[in-house]
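Work through the exercises below with the sequence and the 3D structure open. Try each task before reading its solution.

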Amino acid sequence: MLAAYAVQVEQSRGRRFPEPPHPYRNHFQRDRDRVIHARAFRRLEDKTQVFTRRYSDHFRNRLTHTIEVAQITRTVAGALSLNVDLAEALALVHDLGHPPFGHAGEKALDAAMRAHGLHFDHNLHALRIVEDFEQRYAAFRGLNLTFEVREGIIKHSRDYDAADHPELAEYLLDQRPPLEAQLIDVTDEIGYNTADLDDGYEAHLLNLDQMRAGIPVFDRFFREVERAYPKVPDKLKFNEAVKAVFNRLADDLITSTKEQVKRAGIETLSDIRASRVRLATFSPVVELERKQIKDFLYENLYYSPSLADEKEDAERIVTELFDFWMKNPSALPHYYQEKAGQESLPRVVCDYIAGMTDHFIIEQYEKHCGSAR
C-alpha cells in the first residue's frame, strides 16, 4: 500500500507521445527499463566518479555509484511507502548527464561554455539526453519517459526559476517535486559520502587516524567496533564502522522524513507540491554529521595532492578539445555538424564532449591535440 501522498502510477501525467499500456509493466517500470537499456547509461561504466582508471580499475565509477544509489533509494522509498518504481527510475537516471572525468570535467566544460555566455548543467543535459539524443524508437526521438521521471531529472537536486528557464515551464517550477524525486539528492549523498570514504581508504589516501579525528560519528562507531571485535584487522573494523555510518544516515533519512511529513500536515501529493520546503531531509543532528563527512572528504580526498595531476589533466583535455572543435567544426562527426546548423556551435560541442567516456575523450585528445599525458 502506498502512502496517500505518494505518486500513483495510475495518475501519471503520461508521456509526450502517447503509447498503449504494457501488459505486465507499469509506466515507471518501463521508464526504469528504458534508462537501463540506454546508450548513455552504459557509458557511465567508463566515466569517473572520484578515481580514474589510470589510478585503479576497482574503485567506483559513475555506473557502480548509480547502482548503489538505486539500491539505497529503493530501500528508503519502500520504508516511506512511496512509489518504489518511480524512485528507482529516478535514481538510475540521476547521473546520466555527467561528462567524463567527474567534477573536474564538469568544471572545465562549464567554464568553456561560460566563455560563450552559456553554461553546462548536468541535470539539464540529462533531460536533453532522454528527450533527444537517445534514438532507439521509430515513433519518436528520445526515450519518451513519463512526465514524472522527466520532472524528477531536473528537480531532484535543485529548484529552477521559471524566469531564467522558460524552456522548462511545463515542469511545474513553482511547485516542489514529489517525495520520490526529493529523496534522490539525499540518497545520492548517502551513497557517495560512504563510498568515497571506502575508496579513499582502499587507495591509501585516507587513514584511520585522519578519519577518526575528522569525522566524530565515524570515530564513535569505530570505538564500538573495536570493543566488539578487538582482534580483527583494521580493514574489517573500518568496514563495520562505515556500514554503521551508512545505516545511521539511511535510518535517519527515513525517520526524519516521516516526522517532517507529519509535522507539515501532509495528506496528499498536492500538499507535497505546495510545501514551503523540501521534506526529504536529515534531522538537525545527522545533518551536522553529514556536513562533517562531506567537509572532511573535500579537504582530505577530493583536493588531495595525489589526485591533483589527474584533475589538471582532465581540465586541460576538456578545455583544449572544446577549443579545437570551436575552431575546427568540420572535424566534428557528421551528425554534430548537422546539429550545428540548428543550434549554437558551443552547445553542440558541449553536447558531444559531455557524452564521451573517459577512454574516448583521451583518444580524441591524442588524435587532435597531442599526448594526453
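For the residue classes used below, Ala, Val, Leu, Ile, Met, Phe, Trp, Tyr, Cys and Pro count as nonpolar, Asp, Glu, Lys and Arg as charged, and the others, Gly among them, as polar. The model is predicted, so local features need pLDDT of at least 70 and side-chain atom pairs count only at pLDDT 80 or more, while totals for chains, interfaces and linings use all residues. Residues are numbered from 1 along each chain as its sequence is written, and side-chain values use heavy atoms, with hydrogens and water left out.

**Exercise 1. Describe the largest pocket: its volume, its lining and the helices that supply the lining.**

Step 1. A pocket is an open set of points on a 1 Å grid over the protein atoms alone, with protein on both sides within 12 Å along at least five of seven lines; a lining residue has an atom within 4 Å of a point. Grid points are joined across faces, edges and corners, and the volume is the space filled by probe spheres set on the points.

Step 2. The volume of the largest pocket is about 820 Å³. Its lining has 35 residues, and Arg 62, His 98, Gly 102, His 103 and Tyr 298 lie nearest the centre.

Step 3. Helices are DSSP runs of H or I with at least four residues, numbered from the N terminus. Those that each supply at least two lining residues are H3 (62-79), H5 (102-114), H6, H8, H13 (284-302) and H14 (305-327).

Step 4. Sorted by class, the lining has ten nonpolar, twelve polar and 13 charged residues.

**Exercise 2. Do the same for the second largest pocket, and find which helix gives the most to its lining.**

Step 1. The second largest pocket holds about 410 Å³ of space. It is lined by 20 residues, with Leu 124, His 125, Leu 127, Arg 128 and Glu 167 the closest to its centre.

Step 2. H6 gives the most to this lining, seven residues.

Step 3. The lining divides into seven nonpolar, four polar and nine charged residues.

**Exercise 3. How many cavities of 30 Å³ or more does the structure hold, and what lines the largest?**

Step 1. A cavity is a set of grid points where a 1.4 Å probe fits but cannot get out. The structure holds one of 30 Å³ or more, and the volume of the largest cavity is about 30 Å³.

Step 2. Its lining consists of Leu 86, Leu 90, Glu 148, Glu 151, Gly 152, Pro 178, Glu 180 and Ala 181. By class these are four nonpolar, one polar and three charged residues.

Step 3. H4 (84-93), H7 (147-155) and H8 (179-202) each supply at least two of them, and H7 has the largest share, with three residues.

**Exercise 4. Characterise the aromatic pair Phe 17 and Phe 140 and place both residues in the chain.**

Step 1. Rings of Phe, Tyr and Trp (its six-membered ring) pair if their centres lie within 6.5 Å; planes under 30 degrees apart count as stacked, over 60 as edge-to-face and the rest as tilted. The structure holds twelve aromatic pairs.

Step 2. Phe 17 and Phe 140 are stacked, at 5.8 Å centre to centre with 10° between the planes.

Step 3. Phe 17 lies in the segment before H1 (27-36) and Phe 140 in the loop between H6 (122-133) and H7, so the pair ties together parts that are 123 residues apart in sequence.

Step 4. Buried means under 20% relative accessible area, exposed over 50%, and partly exposed in between (1.4 Å probe, protein chains only). Phe 140 is buried at 11%, whereas Phe 17 is partly exposed at 37%.

Step 5. For contrast in geometry, Phe 324 and Trp 325 form an edge-to-face pair, 6.1 Å centre to centre with 65° between the planes. Both Phe 324 and Trp 325 are buried.

**Exercise 5. Explain why Cys 350 has no bond to Cys 369.**

Step 1. A disulfide is a pair of cysteine sulfur atoms within 2.5 Å. By this rule the count is zero.

Step 2. The closest cysteine sulfur to that of Cys 350 is in Cys 369, 16 Å away, which is too far for a bond.

Step 3. Cys 350 is buried, with a relative accessible area of 0%, and Cys 369 is partly exposed at 30%.
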